[in-house]
Amino acid sequence: MLYRNLTEKLWKDLKINDHICPICDLELFLDLHCETNNNDHHTSQISVNQLIVRRGQPFNITLKMAKPFNPDSDQLTMKVVTGKYPSEERGTMSRFGVPDKVELSPCAIAVWKAELQKNSLPETGMLALTITPPAHAPVGEYKLSAGLKAEENELAELFVLFNPWCSEDWVFLPNEAERQEYVMNQHGIIYKGSDQYIHGLSWDFGQFEEDMVQICLKLLDLSRKHKRDPADDVSARCNPIYVGRVVTNMVNKEDANDGVLVGNWSDDYSRGFPPTHWSGSYDILKQWYTTSFKRVSYGQCWVFAGIMCSVMRLLGIPCRVVTNFQSAHDSNANLTIDKYYGDFLVRPKETDERVWNFHVWVEGWMRRPDLAEDGRYDGWQALDGTPQELSEISAILKGDVHLKYDVLFVSAEVNADVVSWLVNGSKVEMFSDTKSVGQHISTKAVGSNERVDITNTYKHTEGGLSQQTESFQFIPVKLFTLVMLVNQNTAGMTITFESTPVNGQDVKMKLVLRNEGSSARTLSIGVSVQAMTYTGRLKENIKNEVIEKELLPGNGDSFGVICFTFACKCCGNQVSKSLFVFFLRLFKISSLFQVPDEARVDQKMTFKVDFKNPVNETLTGCTLTVSGTGLVQSEEIIKYVGKCTLLVDFDCASFRDIKKINYKNLKNILVNSTPLPIAGRSKRN
């Protein structure tokens, strides 16, 4: 008689919960102990209904058989498989059992183990088993089968992730505070702005949101590598280096893949959302997943990095987002960025080499025995969605640009020299800047919202780095450059503001010159103002002006240089040709975000956002978007404990996506499954 005909009393004695899987062809029942196992494996925030474990760490299951089990004469054989083409030789199938006498392939790798616990009652058919996947098992979805002798039947599905808590796993991170930050934290900060005006953008990684396991594994399955050789791809998922590269490729939509997000660095976002719209990864990944993997529009470097960080953390690879200010993009691998200026300082041609105000990538923590067996390159690895390669941070610091992947490109991003040339019939070098590239490389601190400067992990100090940082809320308008060239040497030259820059008003800058030579000097001062993007790409020429001025020996003079209506920041480099470059800073805005002290289940939460219009015009097309992992929930009831973040985004036709955050500490509060009134996108004109 099959065991599905158990009496009601025996079912109660088994203490089997709702996760029981009866198998009709076998006289046994299974309890996966999902909630207990997931809690032990740090995956309970993902689910308590699906078994999600980490490799290299044991988990417990209970088998109830219809007849007694004798370990001396009976053989319980178990099997796990992953992928469509499982193989013991590839580590995608493993046969094991109790007792440990299952015959294996001579070439079997990634072998699982099972042990009979002391509290088992084999004479009653009750088997309490401890199963351990190896620390080098491929990550992914597995099917578990079991049977007596040669007979096997599928019992359950489970998911296996990387394990930064396991010392044998290549992603092992020894510090618990860092594991909590780089694996478990669903909220972070991505830094933007410029090297002198750094500001943080709050970002919801949401790696433990609904369906994120399925979303991330589907992302791996749709990669070009999987389509080309699915058996080899699934086998290679034992390696975090390989998985990191696949994720890097798949977050960026290309013609040859089914990637998630389309990049767009133009001003036309009519077929999607501008990159500044996004406040988190989950909305993007969920849209991609629920629309049959149709690309999402649009993103730029910080959005790609946010998505990558979410996927890496879900898979169990410690990950953090990193921003490099004054980031060089070297197209010819010579560690030099060339800038060309023509008459009146207008650049006569665009090149593929530019210096971005900032560029964002991620770092994943893993061992690198492929680079050196002594562990010298283990640790943080740079993964950049734009070049779609992976680089070892220690190799960049040591200058080992001969190593594989993209060490040379990232080395240029943080170490390139910038050479400015004057092109007027001939090419004359005006200035060579060896220090400005690679400034204030930043990431969020462990356990707090402070910024940490990690520049010294990428490059050696060049005369010291200023650590002064200001926090701003910015209206994301265009950037501009003001370039000045004085073609005679002077002993002194400075630029000052006549008034504090205020939006909507002229900004007056004063050029102060002093001639300490013995003879009069006639100066020809060229002024050029050009619109540019944060990536260093010129958009249009705004103003060109040439000023002639004579300075007597020992005398000084000052005069207004230019007036325009955007806020500015000023930095200068005094050289023989006196080339000055200025970047226009975005202005601070005034807003207030108030939330109640306490949030309760099944009750509406009211909050208030005050925004002051900073311009002398009526704002149109206004929208207010609210998001927050653990606070804005629309489908299932999930228990959250700890700090959660509520984020609002104000958008209008005049400027894009002003964001404000507030933190809520949830203590065992269930978020209501009914959509809150604040969820989604509401429009106010």
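In helix H4, the buried residues are Met212, Val213, Ile215, Cys216, Leu217, Leu219 and Leu220. The helix, which spans residues 212–221, is thus a mostly covered element, with seven of its 10 residues buried. An α-helix has 3.6 residues a turn, so residues three or four places apart point the same way. The model described here is a predicted one, and the chain as a whole offers a helpful background to H4. Of its 685 residues, 54% count as buried. The chain has 11 helices and 35 strands. Among contacts in the chain with a separation of 6 or more, 65% are accounted for by residues 24 or more positions apart.

Two other helices, H7 (residues 240–250) and H9 (residues 301–315), meet in the model: their axes come within 10 Å and cross at roughly 145°. The crossing of H7 and H9 is right-handed. On the H7 side, the contact is made by Val243, Gly244, Val247 and Thr248, and on the H9 side by Met308, Val311, Met312 and Leu315. Sorted by character, the residues of this contact comprise six nonpolar, two polar and no charged.

A link across the sequence is also seen at leucine 383, which lies in strand S17 (residues 379–384). With a relative accessibility of 0%, leucine 383 counts as buried. The C-alpha atoms of leucine 383 and asparagine 249 are separated by 9.8 Å, although the two residues are 134 residues apart along the chain.

Aromatic rings come next, and the structure holds 11 aromatic pairs. In one of them, the rings of tyrosine 269 and tyrosine 298 have centres 6.0 Å apart and planes at 50°, so the pair is tilted. Tyrosine 269 lies in the loop between strand S12 (261–263) and helix H8 (282–290), whereas tyrosine 298 belongs to strand S13 (residues 296–299), so the pair ties together parts that are 29 residues apart in sequence. Tyrosine 298 counts as buried because its relative accessibility is 10%, and buried means under 20%. Tryptophan 361 and tyrosine 458 also form a tilted pair, with ring centres 5.8 Å apart and planes at 55°. This pair links distant parts of the chain, 97 residues apart: tryptophan 361 is in strand S16 (residues 354–366) and tyrosine 458 is in the loop between strand S22 (451–453) and strand S23 (479–486). Both tryptophan 361 and tyrosine 458 are buried. Elsewhere, ring pairs join Phe96, Trp112 and Tyr142 into a cluster.

Rings also have charged partners in this model. Lysine 192 lies over the face of tryptophan 302, at 3.7 Å from the ring centre. Arginine 313 is placed over the face of phenylalanine 205, at 4.6 Å from the ring centre.

Finally, the backbone has some details worth a look. Tyrosine 298, already met in its ring pair, is joined to serine 297 by a cis peptide bond with omega of about 0°. Another cis peptide bond joins valine 98 and proline 99, with omega of about -5°. Proline 99 is placed in the loop between strand S5 (93–98) and strand S6 (113–116). The loop between S5 and S6 also holds alanine 110, a residue other than glycine with a positive phi near 50°. Alanine 110 is buried, with a relative accessible area of 4%. Histidine 42, in the loop between helix H2 (34–40) and strand S2 (51–54), is not a glycine but has a positive phi of about 60°. Histidine 42 is partly exposed, with a relative accessible area of 24%.

Notes
Residues numbered from 1 in each chain as written. Predicted model: local features only at pLDDT ≥ 70, side-chain atom pairs only at ≥ 80, totals over all residues. Heavy atoms only, no water. Phe/Tyr/Trp six-rings, centres within 6.5 Å; stacked < 30°, edge-to-face > 60°. Helix = DSSP H or I, 4+ residues; strand = E, 2+ residues; numbered from the N terminus. Buried < 20%, exposed > 50% of the residue type's maximum accessible area, 1.4 Å probe, protein only. Lys NZ or Arg CZ within 6 Å of the ring centre and 35° of its normal. Axes fitted to C-alpha atoms, helices over the stretch in contact; angles between N-to-C directions. Left-handed = near helix turned anticlockwise from the far one by under 90°. Contact = heavy atoms within 4.5 Å. Nonpolar A, V, L, I, M, F, W, Y, C, P; charged D, E, K, R; others polar.
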